[in-house]
Amino acid sequence: MVLEPLFNPDHSNLQYVVTRPLYSEDAFTDAHEKIHRHHKTVLTKNGVCVNCSCDLKRTKNAALSLLPFIGWMRIYQLKEWLLSDIVSGVSTGLVAVLQGLAYSLLASLPPWYGLFTAFFPVIVYFFLGTSRHISVGKYCACVCWGANAPAIPKRPSQLAMGLLQVGFIVMYLSDTLVSGFTTAAAVHILVSQLKFVLGLVVPGLSGPLSIVYKIFVQIEKTNMCDLVTSILIMVVVFIVKEINDRYKAKLPVPIPIEVIMTVIACGVSYAFNFRVNYKVDVVGRIPVGYESPIAPNIQIFGQTAAEAFPMAIVGFAVAFSVAKVYSVKHDYIIDGNQVSPKTRTLGGGVGRQGGTEKCVYCCLTCISSTALSRSAVQESTGGKTQIAGLLSALIVMVVTLAIGFLLEPLPKSVLGAVVIVNLKGMLMQIREVPYLWRRDRPDCVVWLVTCLASILLGLDLGLAVGLGIELLTVVFRAQFPRCSVLANITGTDIYKDRKDYMSIYEPEGVKIFRIPSPIFFANIDFFRGKLVEAVGFNPLRVLRKRNKALRTIRKLLKKGKLQMTSKGLLLTSSGPIEESEDESNMEDLDQPTDFKELPVQVNWNSELPANIQVPRVDVHSLILDFSAVSFLDISALKGLKAALKELIRVEVEVYIVACDAYIKKKLHSCKFFDDEVKSSMFFLTLHDAMLHVLEKHPVNSENTKVCKKV
């Protein structure tokens, strides 16, 4: 090959000329010796031989995988990050205290149990988690789900799921699905806070949005003091957070408005005795210290497995979804097997088994996961790493051991207001819908269905519905791909959809067909239909018509009604000619046309004797672009071979280009090639195939516009 760079006179565009032989796949293989690689077996690649080997590098990687905090601690920027982590940790810690207390009440448990869950899992996740921004604790949707559940030991099963490294399922959660799902999760949290904002006593939940109905029917009982307090808190926190966001480049650290408003609210509530004078629901008494550990009841493991699994799935989906949002925003990598603080991950499972068994009991009753609103607080207040999470756990510990009494006069409506304001980022993801509708409507459908299903049916069923819709869109896109007919861009070796460009060249009798997807059992019929549409005729119908015509011609010759002349076959009878209706050998109609026992070979595109009508075929060469075909299954192989044989039998030359080496190897192993379908039909590029066609079927040189310098 010779590569010669050429320049335009104005030196504006670099051009090139490549000189090399015209290559088919067989010719290229003969000219270039291929390296025969020894493929690894399952045993040597992923099996015992690899997993049981040990060296310094594998030991280091294993340590970093098990303890991810080592990796980000090594790059920790003390001057730039520490102050932000401190502010974020204090803010998140106070919200964790309030949220833990409130969600325990939401689950009909003593409020101090929430403090246990806000401490032990956070400590363990600091060492074992890979997300730098999510905050571990009670997730209200899971709390509502498990509010009436017994104290069930789900954590061992979830720890086992983590050890089995089943976090691979995150690859099926697209960004669109994650966005719709987390938006629905934020709606669930917002709805759960309405009872605190309005100061209502709402009974236990029994459905996804039953709380809305229960709040609506007693809306007249709204505590105006709670409502005014909540609105005031939300307005102030919202304004200050907007200021933090707008002037973040000028502020050394974000203003910890949640902390400030919590302190002010506690002081005002204590000074004016909100609980007595205005009937405001406050946090109330908080016991000091931790309770003694209690072992879980092993006997009920089997009774709770069915309930534990969907909770584990939803908890993991929430954790990964939130972690993925923040990892993309802040440009770092997360591990699906160690991102979740709750479910089947090492970070979560060990967290629930570590610490105290009383913590296990508490977490088993108040189902915990990534705390969506607290994660939003930790990220929006400037948190950089899990140092903020560690500090938030220390705040919770201080409250639990020493100063919990100071929070006794705090109105629960303050918590609801702070949580709602911090959901803004997640809720505003709804702005993606118009963009998705304009750019990719199937993705928009995935977003809307996932969000609405998660809101109306609950997060477990909503996630399943969203995942089902997402997989359906993939199936439909693969099953009904946008096939196209390509043409040569005049004067180049480039081929594009002929509908998109003006300056194109299509040699007469040549079609280039592209299918932009794998070919498998679900789309092979669609592929064959589009192929028939592209060439402009049904090859099987043409073949049958030709074979019927041959039967008729043979009968006429046998009866002497046709004679051979210098101009070809001539009809000598003036009577009507009936087309052969012999149905005894219908299978023969699908076989290649056989001209034996005939004095001449029939030109099917010319006028036939005895008014015999056969569909005209104007295509002599078909080039199939397989550059996007990554695999073929057995059904596709059979369908493709049948389609190629039908075309070849009506005298259309078929060429396949840009075929993946894996596919070519599979074709050989599956006995794809025979006397009709030959390996010589494969070419390296579209241009090689086109030049080969032009050599076999030359056109007027004055009209040839395809570039022959390759």
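**A tour of two pockets and two cores**

Begin by selecting Lys34, Ala661, Tyr662, Lys664 and Lys665, which lie nearest the centre of the second largest pocket, among its 18 lining residues (a pocket is an open set of points on a 1 Å grid over the protein atoms alone where a 1.4 Å probe fits, with protein on both sides within 12 Å along at least five of seven lines; lining residues have an atom within 4 Å of a point). The model is predicted: local features need pLDDT of at least 70 and side-chain atom pairs pLDDT 80 or more, whereas totals for chains, interfaces and linings use all residues. Residues are numbered from 1 along each chain as its sequence is written, and side-chain values use heavy atoms, without hydrogens and water.

Display helix 29 (661–669) and helix 1 (25–31), the elements that give two or more residues to this lining. Helix 29 gives the most, with 5 residues. The volume of this second largest pocket is about 640 Å³.

Next, select Asp245, Lys329, Glu379, Ser380 and Gly425, the residues nearest the centre of the largest pocket, which 38 residues line. About 1200 Å³ of space lies there. Helix 16 supplies the largest share of the lining, 6 residues.

Keep helix 16 (residues 301–330) in view, as this helix also gives the most to the largest nonpolar core, with 7 residues. That core has 60 residues, and Leu407 and Leu410 have the most contacts inside it (a core joins buried Ala, Val, Leu, Ile, Met, Phe, Trp, Tyr and Cys residues through side-chain atoms within 4.5 Å; buried means under 20% relative accessible area with a 1.4 Å probe, protein chains only).

Finally, select Phe513, Ile519, Leu543 and Leu640, which are included in a second, separate core of 37 residues.

Conventions. Buried means under 20% relative accessible area, exposed over 50%, partly exposed in between (1.4 Å probe, protein chains only). Helices (H or I, at least four residues) and strands (E, at least two) are DSSP runs, numbered from the N terminus. Grid points are joined across faces, edges and corners, and a volume is the space filled by probe spheres set on the points.
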